[in-house]
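User: Please take a close look at one sheet in this structure, going through its strands and whatever packs against it. I would then like to see how that part fits into its surroundings, and how far the prediction can be trusted.

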Amino acid sequence: MPKKKTALRVNGRQHELALDPNVSLLQALRDLGYTDVKNGCEIGECGACAVLLNGTAVNSCMVLAWQANGAEIVTNAGLGTLDKPHPIQEAFADVGAVQCGYCTPGMIISTKALLDRNPNPSEAEIREALSGNLCRCTGYGQIIEAVQLAASRLQAERLAVAAMPTASLTRECGDGGSHSPGGSGAVATPQASLTGERGHDGSRSPSGLSTGDRGSERGQR
Amino acid sequence: MSDRVTPKPLPPHHLPSLKQIGKPLRRVDALGKAVGATVYAGDFSMPNMLHAKVFRSPIPSGRIVRLDVSKARALPGVACVLTGADLPNARLATDLPGQTGRAQRKGSDAPVLAIDIVRFHGEPMALVCAESLEIAEAALQLIDFKYEALPGVFCPEEALQPDAPKVSGDDNVVARWQVRKGDVEKGMAQADVIVENTFYVPFVEHAYIEPEAGVAWVDEQGVITIRVCTQVVEHFRTVAKALGIPQNRVRVQGTMVGGGFGGKEDVTVEIFLALLARATGRPVKLVYTREESFLATSKRHPFKITHRTGVRRTGRITAAEITMLADSGAYPYLTPYVLLYATGMAAGPYKIDNVKIDSVAAATNQPFTSAFRGFGGPQAAFAYESQMDEIAKALIIDPLELRRINYLKTGDTTVTGQAIRSAAWSEECATRALAALGDKTPDSPTRKVGRGFASYFQSYGRITWFHDTSRAWVGMELDGTVVVRCGVPDIGAGQSNSLCQIVAEVLGVPLERVTIYATDSAVTPLAGTSTATRQLYMSGNAVLQAAGVVRASLVKKAAEMLGVSLEDVDLDNDFAVAMSQQGPGVPASGDSRATAPQSRTSCCGNSEVRGSRGLPLAEVVAKAAASGLPLAHLAQFNAPFTDGLDPETGQGDIWPDFTFGAHAVEIAVDTETGEIEVLKSAACHDVGRAINPAAVRGQIAGGSHQGLGYALMEEYVVEKGMTKTPSLAEYLIPTSCDFPATDVIVLESGTGVGPFGAKGIGEPALTPAAPAVANAVADALGVRIFSLPFTPEKVIAAADAGKDVVKPDRHW
C-alpha cells in the first residue's frame with residue numbers, strides 16, 4: 001500500500017507524515033505522542049478519542065489520518081496545561097467531574113465544541129452534546145455541573161475582557177484555531193468533509209459525536 | 001406506596017468539626033487527569049518495545065487437536081510465540097489476591113494458556129509478540145488451530161446434574177455455603193403467611209472506558225517490571241508463581257486506573273507480559289481491544305435466588321429459607337467469596353431469628369465470573385428487596401412499615417450471628433430517599449407512574465479471616481511539605497486523595513502541600529487491594545497512624561518553641577499555634593466548617609503572616625530535624641482477625657463492619673412501547689464520615705447510575721457459551737441522556753471503623769438502585785418482573801398479560 005502524505009497541525013505544532021491509508025487519526029495522534037487522546041473502543045462508540053478537527057468535535061478513531069490532511073487539530077492537552085489549565089479543565093477538576101479520568105479528555109473536547117457554538121447551554125443541550133461520550137464512573141451529574149461552571153466562568157472572562165480598553169484574549173496556547181484572534185468567540189468553519197462512508201450504523205455520522213443516537217439505538221434493541 | 005414520607009429524625013450523634021476532613025476539596029489527581037497529563041497504562045511506551053497479541057479460543061468447549069504456530073513464528077518481525085505446550089507448569093492462581101497470609105483454595109488455579117482443553121469463548125491459547133502491532137495481528141492469523149468440539153454445559157442448573165459435562169472437578173461444584181440459625185421449621189409454623197418467589201439476574205460487564213493494558217520489561221537487576229492498570233499490585237506474587245521465580249524478582253508498577261469496578265482485580269495482562277518480556281529480553285506492550293476486554297475478563301455472576309419467607313400478620317418476619325445458585329463460568333476465580341458475600345447478605349438488613357440458606361456456585365462453559373462492584377451484594381439485594389415488597393403486598397401493608405418492623409438495629413445480629421456494632425440507619429436513609437422524591441407525577445393515558453425504594457446493608461473491608469493488612473509511610477520535607485508513600489491503587493474513586501486529605505488534616509497543612517506516591521509494589525509500602533471497599537478503611541487508618549507519629553514530633557518541638565504544654569499545641573494551615581493564646585491574625589483551629597481558614601497559603605510558609613503566637617510549620621520542621629526527632633513513619637494497620645465460619649451452621653463474623661442506606665425512584669412505564677423512564681432518583685447512605693463530600697457524592701451518583709443500568713439496560717448476552725454482545729454498541733451502558741442525576745443525601749453517623757468514623761461507600765452505592773426500580777415497576781404495573789434487566793419486551797409482556805413475568809429470556 002503506498003503511503004499517503006499527510007500534514008497535520010496538532011495543538012499548534014506542524015507534522016508532515018507519510019502514513020498507510022488505513023491509519024486512523026486516533027492512531028496517528030497517539031503515535032505522535034498525543035496520548036491524551038484516549039483509545040476506548042476504536043469503533044466510535046465511547047467518545048474517549050474525541051478531538052477538535054477544524055473546531056468540530058470528532059471521534060478520531062472514525063477519521064482516517066489522511067482525511068485530516070491540512071486540518072487544524074486540537075486535543076485536550078492542547079487546551080491547557082497543569083500550570084495553565086483551560087477554564088473547562090479547571091471546572092472539571094473543581095466540581096468532582098473527574099473520577100478515573102479516562103473519559104475526561106473526550107468530555108472536555110465535546111464541552112469545548114459545545115461552548116464554542118453555544119456559550120450558555122441548557123442542561124438538556126449539555127446532556128445531548130455529551131451523549132456520545134461514555135462515562136462509567138460519575139453518572140454524569142458532576143460533569144454537567146462542570147460544563148455549567150465552565151460556561152459561567154468563560155462568560156465572566158469574556159465580560160471582563162470586553163470591559164478592558166484594548167480587548168484581547170490572553171490564553172496563549174491551545175485554543176488552536178477555534179477562537180478567532182479578536183476573541184469574538186466565533187467558531188472556525190469545519191473544512192474537511194468527513195461524512196458518510198465509515199458509518200457502521202445508518203443513524204450516525206462517523207465523524208461527529210452525533211447527538212441522541214445511542215438513545216434511538218436503545219429503542220431499536 | 002405513601003406519596004409523602006417524613007424523614008425520621010437522626011439519633012443523637014457526635015461529629016467533631018475538622019479542618020480538611022469534610023470539605024469538597026479538589027482531588028489531588030483531578031487536574032492532571034483534566035489536562036490530559038496522566039499517563040495511563042496504554043499511554044506508555046519504551047525504546048525497542050515489542051507489541052503483543054493474544055490468540056483466544058473461538059469456541060466455548062473443545063479439545064485442542066492441533067495448535068500449530070510455526071507459520072506465525074516464521075513471519076518476519078515476529079519475536080516470540082508461546083503456547084500452553086511451551087509453559088506446561090504456568091498456572092494462574094485465581095484465589096486470594098492481595099495482602100493475606102491465608103492459604104489459597106485447592107483447585108482454584110487456571111492454566112495461563114489453555115492446554116488440551118478449552119473451556120470458554122475467549123480463553124487464552126497463545127501469545128505473540130512482534131516488532132509492530134500490525135505484524136502481531138498478522139501472526140495471529142497464521143496460527144493453525146484445529147479442534148474437536150466437546151459437549152458444553154451452559155446453565156448452572158444443568159451443570160449440577162450427574163450426567164453433565166464436567167468443567168470443574170467431578171461435580172462442577174465450585175463452592176457451597178450454608179447458614180443455619182434458629183429453627184426454620186418452627187419459624188415457618190409461627191407464620192401467618194408464607195411468601196415464596198424466585199429471582200434471576202444476568203451476566204453484567206464492567207465496561208470501564210479504559211481497556212486493560214500494560215508494558216513489561218526486565219530491569220538492570222533482572223527484575224521483571226510490569227507497568228499495568230490494576231486494582232492489585234500484590235499480583236507481583238501471582239506473576240512470580242506463574243513464572244516459577246522468587247517474589248522479589250517481579251515488580252508491579254501500577255498506574256492510574258481508568259475504571260476498575262472489580263474487573264481489574266484478577267490478573268489480566270500481567271503474566272502474558274512477564275512471560276514475553278522474559279522470553280525476549282525486550283520491553284513488551286499489550287493493550288486489549290474493547291472486544292477482547294469483554295471476552296477476556298470476568299463478569300458479574302448470574303444468580304437464581306429463591307426466597308421462602310414466613311411472616312406474621314403484624315409484619316414481623318419469623319423465618320427465611322433462601323437458596324442461591326450462581327454461574328461461576330469456566331474457572332473459579334473469586335466465585336467462592338462472591339457467593340459467600342451473597343449468602344451473608346442474603347436476608348438483607350433485617351433481623352430474622354430463624355434462617356436457613358443454601359448456596360452453590362457451579363462451573364459452566366460460560367465467561368468466568370468474579371468481582372464486580374458489590375461482590376454478590378447487588379444480586380442478593382435485588383432478590384431480598386423485591387421479596388420484601390411482595391411480602392408487603394401479600395399482607396396489604398405499606399412496604400416502609402414492613403421494613404420498619406424488621407430492620408436490623410445496632411446490637412442485633414446478622415444471619416451468620418455477627419453483631420452490628422455501628423449505626424444502622426436504615427429507616428433514617430429510606431425515609432430521606434423517599435421524601436426527596438417530592439410530589440408524585442400523575443399518570444397519563446399511556447404512561448403509568450410508579451414509585452419504589454430499596455434498603456440494603458453491605459460490608460466494607462475484606463473477609464476478616466483473610467487477616468487483611470495495609471501499610472503507609474508519611475514524611476515531612478524540610479520546607480514543611482509532606483510526602484505520602486502507599487501502595488494503594490487509585491481506580492478513580494479518589495483513593496489517593498482521601499489519604500492525602502487525612503494526612504493534611506493531621507499535620508495541619510493545606511491539601512496542595514501533600515504529594516502522594518502510590519501503587520508500586522517495589523517502592524511504596526504494600527497497602528493491599530483496591531477492592532472490597534477497603535482502602536479508605538484500611539489505608540486511611542494506616543496513614544492516620546503514620547501521620548500521627550509525625551505530628552507528635554512536630555507538636556513536641558513546637559511546644560518547646562512556643563513555651564506551652566503539648567496539649568496546647570495545634571497544627572493548622574501551615575502553622576503551629578498555641579490554642580490558649582490564639583488571637584486575631586492567627587489561623588483558628590476547631591472552627592466550624594464554614595469559617596475554617598481556606599487552605600490557600602503560598603508554598604513557602606510565609607513568615608509575614610505568622611502573627612505573634614504562631615510558628616510557621618517549616619521552622620518547626622527544621623528545628624525538629626536538627627534535634628533528630630522522627631519526621632517520617634511507616635505504619636501498618638491490621639483489620640480484625642477472625643478464624644472463619646462454623647462449616648455446619650455458617651455462624652461467625654465475616655466482615656469488619658457494614659454500611660446502610662436506601663435508594664428511591666419514581667419511574668414511568670410506557671405501556672405501549674414497554675420503555676421505562678426514570679423520572680426521579682434519590683439515594684441516601686450513612687457514610688460514617690465523608691472525608692471529601694464531592695468524592696462521596698461522585699461515588700453515590702456514579703454507583704446509582706450503574707445500578708440503574710443494571711435494572712434497565714445491561715445484559716451481557718451469552719448463547720451456548722458464545723458472547724453475543726462484544727461491543728459498546730451491543731452491550732449498552734447509560735449515556736448522559738438515559739437517566740436523571742440521582743439526588744444524593746449523605747448522612748454521617750461517625751460510627752464506622754474507618755478514619756474519623758468513616759464507613760465505606762464505593763460498592764454499596766450501586767446495590768439498592770436495581771431493586772428500587774424493580775419495586776417501582778411493580779408499583780406502576782401492579783405485576784412484578786422477576787428478572788433483570790427490565791427490557792421493553794418483558795414490560796410489555798407483563799403489562800399485556802396483567803400478570804407476573806417470572807422467567808428471564810435467557811440463561812435459565
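Analyst: Helices (H or I, at least four residues) and strands (E, at least two) are taken here as DSSP runs, numbered from the N terminus. This is a predicted model, in which local features need pLDDT of at least 70 and side-chain atom pairs count only at pLDDT 80 or more, while totals for chains, interfaces and linings use all residues. Residues are numbered from 1 along each chain as its sequence is written, and chains are lettered from A and ligands numbered from 1 in the order in which they are written.

The part to examine is an open sheet of chain B, in which 4 strands follow the order E18-E26-E27-E30 with mixed pairing, two strands being paired if DSSP finds at least two bridges between them. Strand E18 (447–460) and strand E30 (743–747) of chain B are the edges; each has a single partner strand, so one side of each lacks a neighbour in the sheet. From one strand to the next, the twist averages 15°, with axes being lines fitted to C-alpha atoms, for helices over the stretch in contact, and angles running from 0 to 180 degrees between N-to-C directions.

At one edge, E18(B) runs antiparallel to strand E26 (residues 657–670) of chain B, the two being joined by 14 bridges, and B:Tyr460 has B:Asp657 of E26(B) opposite it. At the other edge, E27(B) and E30(B) run parallel and are joined by 5 bridges, with B:Cys684 standing opposite B:Ile745 in E30(B). Although E30(B) is an edge strand, 4 of its 5 residues are buried and the strand is mostly covered; a residue is buried if 20 or more other C-beta atoms lie within 10 Å of its own, exposed if 12 or fewer, and partly exposed in between, with C-beta atoms placed from the backbone.

What lies across this sheet, and at what angle to E27(B)? Helix H16 (residues 693–712) of chain B lies across E26, strand E27 (676–686) and E30 of chain B, and runs at about 140° to E27(B). B:Val773 touches residues of several of these elements: leaving aside neighbours within four places in sequence, B:Val773 is in contact with B:Gly452, B:Val665, B:Ile667, B:Leu708, B:Ala711, B:Leu712 and B:Phe790, contact meaning that the C-beta atoms, placed from the backbone, lie within 7 Å.

B:Val773 also belongs to the largest nonpolar core, which has 331 residues and in which B:Leu127, B:Val128, B:Val503, B:Val543, B:Val773 and B:Val777 touch the most other members. Such a core is a set of buried Ala, Val, Leu, Ile, Met, Phe, Trp, Tyr and Cys residues joined through C-beta atoms within 7 Å. Helix H14 (residues 535–562) of chain B gives the most to this core, namely 12 residues.

Chain B holds another open sheet that may be set beside the one above, with 3 strands in the order E6-E2-E8 and antiparallel pairing. Its edges are strand E6 (117–118) and strand E8 (144–149) of chain B, each with a single partner strand, so one side of each is without a neighbour in the sheet. Strand E2 (residues 62–68) of chain B pairs with E6(B) in the antiparallel sense over 2 bridges, and B:Ile117 in E6(B) is the bridge partner of B:Arg63.

As for the partner chain, the contact takes 48 residues from chain A and 47 residues from chain B. On the side of chain A that touches chain B, the largest share, 4 residues, comes from H3(A). One residue of chain A that reaches chain B is A:Leu134, in the loop between H5 and H6 of chain A. A:Leu134 is buried, with 27 other C-beta atoms within 10 Å, and, not counting residues up to four places away in sequence, A:Leu134 touches A:Cys46, A:Gly47, A:Cys103, B:Ile209, B:Leu728, B:Ile733 and B:Thr735.

On confidence, the model scores ipTM 0.95 and pTM 0.92. Chain B averages a pLDDT of 94, and 95% of the residues score at least 70, pLDDT being the predictor's confidence in each residue, from 0 to 100. Over residues 585–610 of chain B, however, the pLDDT is below 50, although this stretch has 44 contacts in the model beyond near neighbours in sequence. Where pLDDT is low, predicted coordinates should not be read in detail.

Note on methods. Two residues are in contact if their C-beta atoms, placed from the backbone, lie within 7 Å.
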